[in-house]
Amino acid sequence: MYEPSQRQVDSDLEKSMAMFRRAEVGELAPLEPIQPKHVLLALDGSEQDPLGVQIAKQLRDRLNCAVTVVDGREAALATNDISSEFAKTLDAQVIDAASLGADDASYDRILAAIKQSGADLAIAPSPFGRDLSSVGADSTGTVIDVLLARSPVPVIVVRDEFAADKQILSRVRVILSGENRSAPRAAQWAAGLLSTGGTFELMLLVETEFYDNVREALHALHPEEDIKIQSLETALAKIHSRLHAQLQAASDEYNFSYELLVEHEGEDQPFAEDETANYLVVLAIEAADHASQSHAHDLIRRSPHPVLIVPRDGRES
Amino acid sequence: MDVLLLAAETSEVDTPGWVMLLFAAVMLATYVGVAVERFHKTVAAMCGAIVLVILALSLGVVEEFDEFHEFIKHDLNIFGVIIGTGILVDVTSRSGLFHFLSMLIVRATGGRAAALYFAICTLTFFFVAVLTIVPAMLILSSLVLVICRSLDYPVKPFLLSVAICANSGAIVTFASGLPNIMIGTQAKIPYVHFLLISAPYALVSFLIALGVLRFFFRKSLPWKQSPIEKAQLEKKISQFDPWALVESRYVLYRSAAILVATVIGFALAQPLGVGMDFIALAGGTAALLFAGKTVEDSIAKVNWTVIMFFLGLFIIIGCVKEADVLTWLGGEVVELSGGMVTALVPLLAVFSAVASAIVDNIPVAATLIPIVNQIGDTGVSTEPLWWSVVLGCNLGGNGTPIGSISCVIALYTLKKEANTNVGWGEFLKLGGTIMLIQVAGSILYLLMLYSLGWIPSLPDAAPAATEATTALLM
């Protein structure tokens, strides 16, 4: 019979062993979804507000959660009432602007509103209070930067590229590019927001820059050795094998379809599909992990979809 | 019988003896090149083909260059089967279907040595039948390494058993191995005939191997374990979750459905009036369309080097055939056997097994195909002969450490991953014994089927044989 080369056998054997090793996850309970009970919608008076309203409405209709609306603009800029009409549409409560600090910045007002309302999920536009067309993909805005750093609850960041009339909760994609202790929490939130029968994708993405760094470092230590990007994909899959197994089990228990995508960063990744596709991107951040924070900022700026940012365990109220 | 001998003697051999000898020498030199590690098999075959093309044109054995294209034209269907099944196997393997199934079954054994051992051997048999040897060996070798390390079992008995059981799996169906594909397409053997003739003996040869292996490794594994040990093993093996290695259930289900549909398609190819290559390519295309996440990678996984190898080999066989070497050889074989099937079956089975154990079963099959055709032209019933070549070429692989790719992979993996060397002597004692029993058994099996008239006639072979016999008798 025809023989493959030794290198081919080595490579295929290693891949196959890695696949089997991934099955050694121990006995795991299915991942339990987390659903919000109370959503805070922060408005900025921009053209993006209707998009936030649309998402809040989808959440309310699907999860029967309470919704509170807050005008997040700084007091000096809040010259007109932008909350009442949207609140009526959503059958939501409105936070009295007078109850928030008059001189506070927008992020402080939103954080205060989260605390006051008892919301466990917030929705805010990015860039907050600025014209997206002028800022483009260069910035998420100061308000979002601060919210990501300080918000005790997950935040759905809305950018207007996505089509507001589409059901974004029928498909969620959790994107992880490395070890992340918030990942299970992010997955729980993603599963909680997902519509019944929806599609859950766990995308493990090896970023090109990360690969280059690992490769150069390895080469500096062992000049004769090289590492392929596929090896990092395998490693990433191994790191998150327990989460993958829990999601597999949860997909049966909670009736959604689940798929693991292990990829390396291409030209358009992780958003390389059909432009008409709409889904919720879910990212996990750790306060002490600068890589996860910069990864989140980068993806929010580039994402044509709304992005749910889930902070580390313990920050949530 | 005299008539058959006369037929062999009167067969037209126009080529001068020294030209026949020269062509045979180049073919043998190429086979030596294929057998020794110094040359790449494909390079050896292509070199042999180039030398023979030059000789054939310069010595007038072949008059027009276009005639070489005719040699390959008849074998295009083999390439179609290799490409189609290659893509299908790659897509289904990537879906995790076979990893999932094997882990599911391994978990069901509770990790007990005896149950695990027989489960892995049985998985090997079935996986090779569906996937062919190389992909199945890679999956099972990696499974053995991961599980044995986790449960503290020695790797050697498992890997050697997998290697030997793989060669029984290779004779189950038309698509289980390259010699089967070559012989099946050339002799137009329907897929169902494989299930009727070679599959039952595949099972018998598997049981023979299991018996000898169990005896050989009687002291190598803890065949009897206490309830406490069993409970500990159960706990360890339950740490493996088969679903954790599946990336997408839908891709897995679709891959399984396409694979099953392709196998059914193979079985129905003849009644549907299409070739196996069509079914294989349709299956491969469906896999890319419905289950392929990495189309480019899967197409690249097709064994293009084996296709190049075949290209060279078919040119060599075509040239040697044109030089009447195979005609002469066929005549000699008929003469030696007296044209009796009862002599030809053991002769071909033993020759193909021994040659495959030493060289490689693909050139052995490629050389024997025109010889069996030649024998068939003298009126001998070829059906039992084809099966003796199929069984001999595959089971011969157990004879030596280099006889089959399953043994090569297993011994290489043992050395690299378990730091264990298996010498020729040790392997010959184990594999050689099994090969002898299996080949002897295959001869008895085929002769028994032949004497009972249970070997089905090939679609157009029976009338042809009858006509040839009638013509000779007249």
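Let us begin in chain A, with a pair of residues that sit about one helical turn from each other, because R302(A) and D298(A) are four residues apart in helix α11, which covers residues 290-302. Their side chains meet in a salt bridge, with 2.7 Å from N to O. As you look at this pair, please keep in mind that the model is a predicted one. R302(A) has a relative accessible area of 32%, so it counts as partly exposed. The idea behind such a pairing is simple: side chains of opposite charge can pair when their charged atoms come close.

A second pair in chain A follows a similar plan. In helix α2, residues 49-63, K57(A) and D61(A) are separated by about one helical turn because they are four residues apart. These two residues form a salt bridge whose closest N and O atoms are 3.3 Å apart. K57(A) is partly exposed, since its relative accessibility is 31%. Over all chains, a search of the whole structure finds 21 salt bridges.

Before leaving chain A, have a look at V146(A). This residue is found in helix α6, made of residues 142-150. Is V146(A) buried or partly exposed? With 12% relative accessibility, V146(A) counts as buried, because the limit for that word is under 20%. Which residues does V146(A) touch, once its neighbours within four places in sequence are left aside? The answer is Y107(A) and S151(A). M19(A), by contrast, is 40 Å from V146(A) in space, C-alpha to C-alpha, and the two are 127 residues apart in sequence.

Now let us turn to the place where the two chains meet. Here 30 residues of chain A are in contact with 50 residues of chain B. The area buried between chain A and chain B is about 3600 Å², and carbon and sulfur atoms give 60% of it. Between the two chains, 15 residue pairs are in polar contact, counting pairs with both residues at pLDDT 80 or more. On the side of chain A that touches chain B, the elements giving two or more residues are α1 (6-21), α10 (241-253) and β8 (257-264) of chain A. Of these, α1(A) gives the most, with ten residues.

How many salt bridges are found across the interface of chain A and chain B? There are three. One to look for joins D10(A) to K416(B), where the closest N and O atoms are 3.7 Å apart.

From there you can follow the charges onward, since D10(A), R149(B), K416(B) and E417(B) are linked in a network of salt bridges. Within chain B, the side chains of E417(B) and R149(B) meet in a salt bridge of 3.1 Å, N to O. This pair links distant parts of the chain: E417(B) belongs to helix α21 (residues 405-418), R149(B) belongs to helix α8 (residues 133-151), and the two are 268 residues apart. E417(B) counts as partly exposed because its relative accessibility is 23%. R149(B) is also partly exposed, at 40% relative accessibility.

For another setting in chain B, find N180(B) in helix α10, residues 178-186 of that chain. Its relative accessibility is 0%, so N180(B) counts as buried. What lies 2.7 Å from a polar atom of the side chain of N180(B)? It is the backbone oxygen of A170(B). Not counting residues up to four places away in sequence, N180(B) touches A170(B), I171(B), T173(B), F174(B), T185(B), F194(B), V390(B) and N394(B).

Our last stops are at the surface of chain B. V260(B), I264(B), L268(B), L272(B), V274(B) and F278(B) make a nonpolar surface patch of about 540 Å². Which helix gives the most to this nonpolar patch? Helix α13 of chain B, residues 249-272, does so with four residues. I264(B) lies in that helix α13, and with a relative accessibility of 47% I264(B) counts as partly exposed.

Finally, visit C47(B) in helix α3, residues 41-58 of chain B. At 42% relative accessibility, C47(B) counts as partly exposed. The C-alpha atoms of C47(B) and I316(B) are separated by 9.7 Å, while along the chain these residues are 269 residues apart.

Methods. Residues are numbered from 1 along each chain as its sequence is written. Chains are lettered from A and ligands numbered from 1 in the order in which they are written. This is a predicted model: local features need pLDDT of at least 70, side-chain atom pairs count only at pLDDT 80 or more; totals for chains, interfaces and linings use all residues. Side-chain values use heavy atoms; hydrogens and water are left out. Buried means under 20% relative accessible area, exposed over 50%, partly exposed in between (1.4 Å probe, protein chains only). Patches are made of residues with over 30% relative accessible area and no salt bridge: like charges are joined within 9 Å, nonpolar side chains (Val, Leu, Ile, Met, Phe, Trp, Tyr) within 5 Å. Accessible areas come from the Shrake-Rupley method with a 1.4 Å probe; for residues, only the protein chains shown count as cover. A salt bridge is a side-chain nitrogen of Lys or Arg within 4 Å of a carboxyl oxygen of Asp or Glu. Contact means heavy atoms within 4.5 Å. Buried area is the accessible area (1.4 Å probe) that two parts lose on being put together, summed over both. A polar contact is a pair of N or O atoms within 3.5 Å; within protein, one must be able to donate a hydrogen and the other to accept it, and residues adjacent in sequence count only if both atoms are side-chain atoms.
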